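Got the viewer open? Let's take a short walk through the aromatic rings first and finish at a pair of helices.

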Amino acid sequence: MIADLLRVPDELSARVPAEQRAPGLGRDAVRLLVSRGAAVGHHAFGELPDLLAAGDVLVVNTSRTLPAAVDGRVGDGRGRGEPVVVHFSTRGDRWHPAGRAVAGRWAVELRSPDGHGSTRPRAGGPAGTVVRLPGGARLALEAPVDPGGVRLWWARVTGVRVPELMRRHGRPIRYGYTDRDQPLAAYQTVFAVDAPGGGSAEMPSAARPFTAELVARLVSKGVQFAPVSLHTGVASAEAFEPPYPERFVVPPVTAWLVNAARARRRAAVRRGRAAGGAPAGRIVAVGTTAVRALESAAGADGRVRPAAGWTDLVVTPERGVRAVDALLTGLHEPTAPHLLMLEAVASAAAGASDGEVLRRAYAAAVRGRYLWHEFGDLHLVLPD
């Protein structure tokens, strides 16, 4: 594992969005580390159109970021109570699998303010705990989401609908490595769309550096965009903690685009057009959320079918990837569960299975002083 070999210095955490680092910069003013087999290259993100080809398909997550952090106080109002920050993670109706949730409940995480605008971990519970929220609303903890866990709890809010509570009193979830609060607009990607009842507790950050101008350049080159949605829960998981089930949609148009591109690519290989370079038609997931959604809709034969619901899929090197050829993603902490997914994509792209491709890339990122986390630089893993 990378965690055994690599330490990311604290100063490599991206503390503000790229456009705030110097006058005149835009969202796309980030660096792009490119892994292609054993080779590692260094690029500006604006060079992405030069690294892709006509016929390639970028799969993008259209989920909007929610203002999912809301201040509250533990207690029934007879005293001031302990200050907490409630992170609203996932709406619980139609929870997968086995109907463990009841309509109207939310999975939430309670955290303690750290005095600097961010939060620190706090154990949830016990059942029956009441949190007073702005506007006279109340939140009551009912049961742990995972019977063996203490971090995420099912809770019910009374006095207001949760989307309205977040709209009036919420702000984006923020972590301690950032310098200050940012407006919600800083967390929305160019692909985000409104979906009734939908949204992500934390930004699908791999797509953040895209601008309308860059999208236009990619489209003019013949690169196609295929939308999916996966509404992410809180990402402040413990080390190596797997992700919880999340709602996703792979629409029919995306299934068709992906399957058609893969068919064209296979046909080009059979006809020998790979000479002098790989044929177009690569399926490039933009972010680990796009991988999780698309792979949840892919059969063992690699064919993607329209799908919607909940996914508890964890992509590992042992399971492998079926529909994804390449991945554009941020740089993740060495203990993050997403690294297993990255290793699966990198191993498949390089035809290797020992994790060396990812270790080499991350070591190069540290040496090159790349920036980590949601406002940081990106990593493009391409087939060899």
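**Stop 1: the aromatic rings**

Seven aromatic pairs turn up in this structure, which is a predicted model. A pair of aromatic rings is described by the distance of the centres and the angle of the planes.

Select Y187 and F375 to start. Their ring centres sit 5.4 Å apart with the planes at 55°; stacked needs under 30 degrees and edge-to-face over 60, so this pair counts as tilted. Now colour along the chain: the pair ties together distant parts of it, 188 residues apart. Y187 belongs to the loop between α2 (162-169) and α3 (212-221), while F375 belongs to the loop between α7 (356-367) and β16 (378-382). Switch on the surface and ask: are Y187 and F375 buried or exposed? Both Y187 and F375 are buried.

Next, select F45, F191, F210 and F225 together; these residues make up one aromatic cluster.

**Stop 2: a charge over a ring**

Show R31 and Y370 as sticks. R31 lies over the face of Y370, 3.9 Å from the ring centre.

**Stop 3: two helices crossing**

Two packed helices are described by the angle between their axes and the distance between the axes. Pick helix α5 (residues 288-296) and helix α6 (residues 338-350): their axes come within 11 Å and cross at roughly 70°. That angle falls within 65 to 115, so α5 and α6 are roughly perpendicular to each other.

Which residues make the contact? On α5, select T288, V291 and R292; on α6, select H338, M341 and L342. Colour the contact residues of α5 with α6 by type and you get three nonpolar, two polar and one charged.

Note on methods. Residues are numbered from 1 along each chain as its sequence is written. This is a predicted model: local features need pLDDT of at least 70, side-chain atom pairs count only at pLDDT 80 or more; totals for chains, interfaces and linings use all residues. Side-chain values use heavy atoms; hydrogens and water are left out. Rings of Phe, Tyr and Trp (its six-membered ring) pair if their centres lie within 6.5 Å; planes under 30 degrees apart count as stacked, over 60 as edge-to-face and the rest as tilted. Helices (H or I, at least four residues) and strands (E, at least two) are DSSP runs, numbered from the N terminus. Buried means under 20% relative accessible area, exposed over 50%, partly exposed in between (1.4 Å probe, protein chains only). A charge sits over a ring if NZ of Lys or CZ of Arg is within 6 Å of the ring centre and within 35 degrees of the ring normal. Axes are lines fitted to C-alpha atoms, for helices over the stretch in contact, and angles run from 0 to 180 degrees between N-to-C directions. Angles under 35 degrees count as roughly parallel, over 145 as roughly antiparallel, 65 to 115 as roughly perpendicular and the rest as oblique. Contact means heavy atoms within 4.5 Å. Ala, Val, Leu, Ile, Met, Phe, Trp, Tyr, Cys and Pro count as nonpolar, Asp, Glu, Lys and Arg as charged, and the others, Gly among them, as polar.
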